Amino acid sequence: MKSDADIGKLPFLRGVISLLARFKHDTNAATAAIFAILLPVIIGFGALAFDVGVWTMRSRQAQGAADQAAYSAAVAAGLSTDGVTEARAIAASMGFTHGTGGVTVDVTNPPATGAFAGSTSYWQVTISQPQNLGLAALFTASTPTVVARAVAGNGGGGSCVIGLASSGVAVTFTNNSQLQQAECGVFSNGNVDIGNSNNVLIDADLFSGGTVNQGNNAIVTGTITTGLPQFADPYAGVTAPAATGSCIPEVKNGGSFLPGRYCSGFDLPNNATNQVLNLAAGVYYINQKFKIGNGFSIRGTGVTLVFDVPNPSNDVRIGNNTSFDIFAPTTGPLSGIAFMSTTAPNPSTFTFGNSNSISVQGAFYFPNSTLVMNNNLDSTRCTQLVAFRVELSNNATMRANCPGSGIRDFAGGTIALVE
């Protein structure tokens with residue numbers, strides 16, 4: 001079968017053949033002179049058409065190599081191996097060896113350009129190679145360079161819930177909790193308890209380093225795997241940048257707020273003047289307390305709330321019918337984290353109260369505490385729960401695979417080509 005490039009050349013070749021046939025029977029000296037003048041041009045265009053076809057084919061080969069190399073770099077990074085070495089090895093196996101024949105295989109993490117620039121969950125591979133001019137060198141002095149670029153990385157998380165505790169129960173489902181359309185898995189270093197609570201439905205796969213206690217009234221539609229090796233904390237080593245600046249006074253009413261040190265925290269009563277909190281992008285350091293009355297709306301994009309509360313069991317209280325409309329930052333040291341706690345040691349508990357609406361893209365990260373979600377996680381966004389122990393009740397609809405969200409995963413998570 002003729003390629004597109006071959007088909008594109010047919011009209012040109014037919015024209016050359018026709019011209020040569022006419023020249024054979026033409027005794028006109030002027031025709032011969034014209035043909036002599038045009039012959040180098042005709043040959044040049046033919047050479048250029050051939051060379052362009054070669055360059056196009058090489059460009060496609062380079063793009064395929066860049067795609068495979070970027071994907072392999074992201075997988076290798078998830079397995080704690082050298083992403084640069086792996087990417088260049090894959091590119092070499094496909095005919096593009098770094099440093100040979102003018103080939104450059106540039107591997108960067110995070111990407112320097114594009115929609116995922118600065119996001120450490122993504123790897124960028126750019127392959128470039130100068131091309132031989134061939135006969136086209138007679139008509140052009142510039143040397144074309146084939147350039148192919150690809151970006152791959154964690155698509156947003158294969159894990160919706162991660163219980164980090166290695167002993168005892170690390171993940172609990174109670175009180176009619178339903179994890180629906182999860183598109184991701186539940187991972188627990190310790191045991192999983194879904195007991196005999198009525199109407200518990202888990203529409204996800206369960207992976208446990210311990211055991212799974214599944215009562216007669218609990219339904220798990222996915223597979224259950226137990227006795228697995230311990231899962232690594234995907235956010236291990238993440239620390240909030242040191243808080244700077246003067247203390248911001250205690251917040252008593254809603255309004256618009258800037259990131260900074262809220263040394264006295266938030267204490268918003270039910271009868272607050274304004275029940276809407278608009279948070280500008282940045283990190284909010286919350287000390288002492290975070291008490292939110294009924295019916296508040298908390299909104300922000302590029303926001304991380306960092307809790308450093310001595311007694312969160314008493315001083316973190318969120319009233320009924322409160323809604324969270326939060327997007328975590330997608331770049332920087334807190335990429336993908338919407339809420340986190342520095343409180344230690346366990347068994348401190350953070351509870352997000354009843355009848356709340358949680359529409360959050362990002363992770364709740366409480367590595368030293370128990371995270372209790374007594375509310376509705378119902379969103380088209382990607383939400384991830386990572387805590388020492390996780391307790392869920394009521395309903396949760398959780399998604400994964402949100403490229404660019406910054407949400408992290410451990411080895412085995414969802415890797416995807418995104419550019």
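Glu250 and Lys252 join their side chains in a salt bridge, at 3.1 Å from N to O; the term stands for a side-chain nitrogen of Lys or Arg within 4 Å of a carboxyl oxygen of Asp or Glu. A search of the whole structure turns up five salt bridges. This is a predicted model, where local features need pLDDT of at least 70, side-chain atom pairs count only at pLDDT 80 or more, and totals for chains, interfaces and linings use all residues. Residues are numbered from 1 along each chain as its sequence is written, and side-chain values use heavy atoms, with hydrogens and water left out.

**The network around Glu250**

- Glu250 also has a salt bridge with Lys289, and here the closest N and O atoms are 2.6 Å apart.
- Glu250 sits in the loop between strand E12 (224–225) and strand E13 (255–257), while Lys289 is in the loop between E17 and E18, so this pair ties together parts that are 39 residues apart in sequence. Those labels are DSSP runs, numbered from the N terminus: helices (H or I) have at least four residues and strands (E) at least two.
- Zoom out a little and you find Glu250, Lys252, Asp267 and Lys289 linked in a network of salt bridges.
- How exposed or buried are these residues? Glu250 is partly exposed at 28% relative accessibility, and Lys252 is partly exposed too, at 40%. Lys289, on the other hand, is buried, with a relative accessible area of 16%. For these words, buried means under 20% relative accessible area, exposed means over 50%, and partly exposed is in between (1.4 Å probe, protein chains only).

**A link across the sequence**

- Glu419 pairs up with Arg149 in another salt bridge, with 2.8 Å between the closest N and O atoms.
- Glu419 is in the segment after strand E27 (415–417) and Arg149 is in strand E3 (residues 145–154), so the pair ties together parts that are 270 residues apart in sequence.
- Glu419 counts as partly exposed at 28% relative accessibility, and Arg149 is partly exposed with a relative accessible area of 28%.

**One side of helix H3**

- Which residues are buried in helix H3 (residues 83–93)? Gly83, Ala87 and Ala91 are buried there.
- These residues cover an arc of only 65° around the axis, which puts them on the same side of H3. That arc is taken from the directions from the helix axis to the C-beta atoms.
- After H3 comes Gly95, with a positive phi near 95°.

**Backbone oddities in the loops**

- Gln288 isn't a glycine, yet its phi is positive, at about 70°. You'll find Gln288 in the loop between strand E17 (282–287) and strand E18 (290–292), where Gln288 is partly exposed, with a relative accessible area of 42%.
- Asn321 is another residue other than glycine with a positive phi, near 60°. Asn321 belongs to the loop between strand E21 (316–318) and strand E22 (323–327), and with a relative accessible area of 54% Asn321 is exposed.
- Where is the cis peptide bond? Look from Asn109 to Pro110, where omega is near 0°. Pro110 itself lies in the loop between strand E1 (104–108) and strand E2 (122–130).
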